[in-house]
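Here's a quick walk through one protein model, from a loop residue to the cores and the empty space inside. Have the structure open while you read.

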Amino acid sequence: MEVGGGGGGSEKGPVSCGSWIRRPEKVNLVVLGRSRNRGGSSPSMLEIFSFDPKTTSLSSSPLAKYVVEEVDGDFVSIAVHPSGEDVVCSTTSGGCKLFEYGREPNAKLLARKLSPLQDVGPQKCVAFSVDGSKLATGGVDGHLRILEWPSLRVILDEPKAHKSVLDMDFSLDSEYLVTTSTDGSARIWKTEDGYPLATLTRNSDEKIQLCRFSKDGTKPFLFCTAQKGEKAVISVWDISTWNKIGHKNLLKKPSSIMSVSKDGKYLALGSKDGDICVVDIKKMAICHWSKRLHLGTCIETLDFCPSERVVLTTSNEWGAVVTKLNVPADWKEWQIYMLLLGLFLASAVAFYLFMENSDSFWKFPETSQSGAPKYNTIYSDSQSSDDPFGPVDM
């Protein structure tokens, strides 16, 4: 399903960034940042749409929107807090802005100031840690910041972290932050104190570009796309040693964006000409292709839905698109309970049949009418009585 972009005479401006918003009871929303249209008649605005999993579509009209002042410029990047109530956006000339979106019906977007991030210039990357305790921003000017959330206490303020920040991601335990640069380098930072822990090794002809940590909780890996001459590959690092353990050529073309599903099972790549592919991480094999999804346009946003096998993609030309993935369906909660109930009933029936058709430990010897046990003798003669030992003289 597509939400209009900047082409085709759309009255609204092009979609420059977007993200899912997770709500209770597995309700998912989508937030989109629109820039001014080419004629300048439509302002930059933030919009929130509802999502229908049955039809895999967004609502035709937004649930809420906020028009940004012209002095702030256009949207550059966006990040949603895990709680789903805070949205941080970077703009071309207004620094970073915080938007609060409550859970009550007919909630409105409320703008708030972020004092440490005012007038910091455009931030290529904005990201919350998985546990929601930290916010990181990476500037076009190479300036890296890590702040505690929501106190906004500055943990790291490094003006020369990179030539220009290209991508970033927090690890599943929120202990590490990886950042990449336009010059092909990549660095690892400890989020507790901002200490520069490591720089990823690379060959002289290799440029590291995009980065994502594994998220399944069992495989401590770091995935990075890299350009090795004319070949685009995904390299894998072991985060316990920060050593590279291998690489694979999957998309076979330069990537513009990378994402990992919330449960860590899938990795997605978006190309610079509008294709996406989804990779089964366990097999490291492509399990879904969507070619020409954003025909001839660089994909700017690629984000997995928190509870459905659906991805959100955006581009300046084609707007926002939600795509259902052709991957095996996950077990629903009620299906798991039904399976457990079936196994329990099957076990009960099997136990009953076993007891009915086999000697039981609890089957006692039969008794005579007098109530005394009746025993068969092994050795006896024709003169013997029921008592095998006969009368006993006292």
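In which loop is the place of Asp72? Asp72 sits in the loop between β6 (64-67) and β7. Keep in mind that we're looking at a predicted model.

Is Asp72 buried or exposed? Asp72 counts as buried because its relative accessibility is 11%, and the cut-off for buried is under 20%. As for company, leaving aside neighbours within four places in sequence, Asp72 is in contact with Thr91, Thr92, Ser93, Gly94 and Lys97.

**The nonpolar cores**

In soluble globular proteins, nonpolar side chains tend to be buried together. Here, the largest nonpolar core has 17 residues, and Leu46 and Val87 have the most contacts inside it. Six strands each put in at least two residues of this core: β2 (15-23), β3 (27-34), β4 (45-52), β7 (75-80), β8 (86-91) and β9 (96-101). Of these, β7 gives the most to the core, with 3 residues.

Zoom in on Val87 and you'll find that it touches Ile21, Leu46, Ile78, Ala79, Val80, Lys97, Leu98 and Phe99, once residues up to four places away in sequence are set aside. Lys97 is thus on the contact list of Val87 and also on that of Asp72.

Apart from the largest core lies another one, of 14 residues, with Leu250, Met258, Leu267 and Met284 among them.

**The empty space**

Rolling a probe the size of a water molecule over the atoms shows where empty space is left. How many cavities of 30 Å³ or more turn up? The count comes to 1. The largest cavity has a volume of about 70 Å³, and 15 residues line it, with Thr225, Ala232, Val233, Lys253 and Ser255 the closest to its centre. Two strands, β20 (221-228) and β21 (231-238), each supply at least two residues of that lining. By class, the lining has 7 nonpolar, 5 polar and 3 charged residues.

**How far to trust it**

Across the protein, the mean pLDDT is 87, and 85% of the residues reach 70 or more. Two stretches where pLDDT stays under 50 are set out here:

| Stretch | pLDDT | Contacts beyond four places in sequence |
|---|---|---|
| Residues 6-10 | under 50 | 7 contacts |
| Residues 374-385 | under 50 | 2 contacts |

So what does the model have for residues 374-385, by way of contacts beyond four places in sequence? It has 2 for that stretch.

Definitions and conventions. Residues are numbered from 1 along each chain as its sequence is written. This is a predicted model: local features need pLDDT of at least 70, side-chain atom pairs count only at pLDDT 80 or more; totals for chains, interfaces and linings use all residues. Side-chain values use heavy atoms; hydrogens and water are left out. On a 1 Å grid over the protein atoms alone, a cavity is a set of points where a 1.4 Å probe fits but cannot get out, and a pocket is an open set with protein on both sides within 12 Å along at least five of seven lines; lining residues have an atom within 4 Å of a point. Grid points are joined across faces, edges and corners, and a volume is the space filled by probe spheres set on the points. Helices (H or I, at least four residues) and strands (E, at least two) are DSSP runs, numbered from the N terminus. Ala, Val, Leu, Ile, Met, Phe, Trp, Tyr, Cys and Pro count as nonpolar, Asp, Glu, Lys and Arg as charged, and the others, Gly among them, as polar. A nonpolar core is a set of buried Ala, Val, Leu, Ile, Met, Phe, Trp, Tyr and Cys residues joined through side-chain atoms within 4.5 Å. Buried means under 20% relative accessible area, exposed over 50%, partly exposed in between (1.4 Å probe, protein chains only). Contact means heavy atoms within 4.5 Å. pLDDT is the predictor's confidence in each residue, from 0 to 100.
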